[in-house]
Amino acid sequence: MTPLKQMPAWKALEAHAATLRVKHLRELFAEDPKRGERFNAEACGLFLDYSKHRITEETLKLFAGLAQASGLEERRAAMFRGDKINITENRAVLHTALRAPREAVIEVDGHNVVPDVHAVLDKMAEFAESIRSGAWTGYTGKPIRNVINIGIGGSDLGPVMAYEALRHYSQRDLTMRFVSNVDGSDFAEAVHGLDPEETLFIVSSKTFTTLETMTNAHTARVWALAKLKEHAAVARHFVAVSTNAKEVAKFGIDTANMFGFWDWVGGRYSMDAAIGLSSMIAIGAENFRRMLNGFHAMDEHFRSAPLERNLPFLMGMLTVWYTSFFGAETVAVLPYDNYLKRFPAYLQQLTMESNGKHITLDGQHVDYQTCPIFWGEPGTNGQHSFYQLIHQGTRLIPCDFIGFARSLNPLGNHHDLLMSNIFAQSEALAFGKTPEQVKAEGTADWLVPHRTFEGNRPSSVILAEKMTPEILGQLVALYEHSVFVQGVIWQIDSFDQWGVELGKVLAVRIIPELESPTEPELRHDSSTNALIRRYRRMKSRA
């Protein structure tokens, strides 16, 4: 593998970047007044305006050249056909199979996995309907009115985000709650005010050994049995999303109510698999399948659209552009729809667990920046919080604005006011306000620098007609494939996550040192030893 910075295509893009670093978006629009009509792309109901980026037609050609030199199209084909492109774990990467139509054929080790996927989806649909209709009852015969998903990471962030995003389509007489943090307060608040006789827990852990998830699951069982008394009640109030039938049965869950998935699906890519059981219960099987159709539509667009019109390619390359050539350290994702309030948090795991890597596929240390920090909050709230930094701070922060032409809850002129802010913010970031403009308003000379906006701060605007299950699937798949593009260019494995392991291993070692009734012998560094001793003293006083 040719080191990235030694590729002629990389060097060409680097030289080109030097010419654009000194260009202002005001100049680019003045030189090409119609760039706003050309630098956009549309697919699957999503419209992407990327004209307010520091790029030209030449930039796009160089993007394509680097993609070709990096083997993007070959690696994309390998992913879709089920090759084991997750090399450190020797696994296929087939989240796209989770939303493939029934008639599709996608093989892993010679086995067509699509029928397996649909068998699980059908089983999920049958179970979800039994909860929604009241046919499934708890141990004492009462229908289930409360559903609590217990998971962490991808087993929590995806379901929480999907539920909030599609709450408009949910069955409102069902209470949906989520527990992920091992902090007992998370569990205590989730069950507050609920009746165990009417509560179902979904325990989501592939191995059924995840420390945080199983700690919360065992606490949930104690909470439920405090009222239900009989151990047999567990089978009516707990189901599992797992592949470990032995541990599931040992817990007391009927394995007939175990929903499986596969090692070719990473946790952060699993919200459209059995991990989405809580989502399906909330919105129904029909709406869940509409979401899957949205995922699949974007999959097909990414696989087949030419690069110059390919939304995930364009967004992925823009992230590479600013991270590796302009020194940008973060990307702000700013949805102007309150239903997407958890979308930035979901993207944090998708992006940073995927591409937060410093070792290339062939084991070499990178000599360039990889994944930026993704963050954000819904508009317009963020405008009264951190937009000051984006507009006038010292950091370059590319922004993704996401908005909809129609509100699911039309109230007066609320939606026009909301959307006016997307367009105004992206305009203000791009063009700013010059000292001359500020002076022309009669501003005192001493105050002019404070009221000047430099502009030249890039942003994309993603528009759709309205928030639907299909659109949510398309948005998630758009970012999934954008992450893939970045990983290919940066020559890293976007599908492992070894970085989450070390702290977990050390925590398991420390737990008995915190719980020991006698003073343990500590063999950590002096700081960790001191902290453990201080904690033990404080705990004993309490």
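These legends accompany several close-up views of one predicted model. In this prediction, local features need pLDDT of at least 70 and side-chain atom pairs count only at pLDDT 80 or more, while totals for chains, interfaces and linings use all residues. Residues are numbered from 1 along each chain as its sequence is written, and side-chain values use heavy atoms, with hydrogens and water left out.

**View 1. The largest pocket and its lining.**
Let us start with open space: on a 1 Å grid over the protein atoms alone, a pocket is an open set of points with protein on both sides within 12 Å along at least five of seven lines, and a lining residue has an atom within 4 Å of a point. Grid points are joined across faces, edges and corners, and a volume is the space filled by probe spheres set on the points. The largest pocket holds about 1,000 Å³ of space. Its lining counts 41 residues, and Thr210, Gly267, Gln497, Glu501 and Lys504 lie nearest the centre. Helices and strands here are DSSP runs numbered from the N terminus, helices (H or I) having at least four residues and strands (E) at least two. Helix H7 (154–165), helix H9 (211–228), helix H15 (343–355) and helix H21 (501–515) each bring at least two residues to this lining, and H21 gives the most, with four. By class, the lining has 16 nonpolar, 16 polar and nine charged residues; Ala, Val, Leu, Ile, Met, Phe, Trp, Tyr, Cys and Pro count as nonpolar, Asp, Glu, Lys and Arg as charged, and the others, Gly among them, as polar.

**View 2. The second largest pocket.**
About 460 Å³ of space lies in this pocket. Of its 20 lining residues, Asp337, Asn338, Tyr339, Ser407 and Leu418 sit nearest the centre. Helix H17 (residues 414–431) is the element that gives the most to the lining, with four residues. The lining divides into eight nonpolar, eight polar and four charged residues.

**View 3. Two enclosed cavities.**
Rolling a probe the size of a water molecule over the atoms shows where empty space is left. A cavity is a set of grid points where a 1.4 Å probe fits but cannot get out. The structure has two cavities of 30 Å³ or more, and the largest cavity holds about 140 Å³. Met315, Leu318, Thr319, Val331 and Asp400 are the closest to its centre among the 16 residues that line it. Helix H14 (311–325), strand E12 (399–404) and helix H20 (469–490) are the elements that give two or more residues to this lining. Its classes are nine nonpolar, six polar and one charged. The second largest cavity has a volume of about 30 Å³. Leu98, Val117, Val120, Leu121, Met124, Trp262, Asp272, Ala273 and Ala274 line this second cavity, giving eight nonpolar, no polar and one charged residues.

**View 4. Histidine 53 and its neighbours.**
Histidine 53 lies in the loop between strand E2 (46–49) and helix H4 (57–69). This residue counts as buried because its relative accessibility is 2%, where buried means under 20% relative accessible area, exposed over 50% and partly exposed in between (1.4 Å probe, protein chains only). Leaving aside residues up to four places away in sequence, histidine 53 touches Leu25, Leu28, Arg35, Leu318, Tyr322, Pro458, Ser459 and Ser460, a contact being heavy atoms within 4.5 Å. The side chains of histidine 53 and serine 460 also share a polar contact of 2.7 Å. A polar contact is a pair of N or O atoms within 3.5 Å; within protein, one must be able to donate a hydrogen and the other to accept it, and residues adjacent in sequence count only if both atoms are side-chain atoms.

**View 5. Backbone details in three loops.**
The peptide bond from glycine 379 to threonine 380 is cis, with omega near 10°; threonine 380 belongs to the loop between strand E11 (373–375) and helix H16 (387–392). Phenylalanine 208, in the loop between strand E7 (199–204) and H9, has a positive phi near 60° though it is a residue other than glycine. Is phenylalanine 208 buried or exposed? At 3% relative accessibility, phenylalanine 208 counts as buried. Lysine 229, in the loop between H9 and helix H10 (234–237), is likewise not a glycine and has a positive phi of about 70°. Lysine 229 is exposed, with a relative accessible area of 62%.
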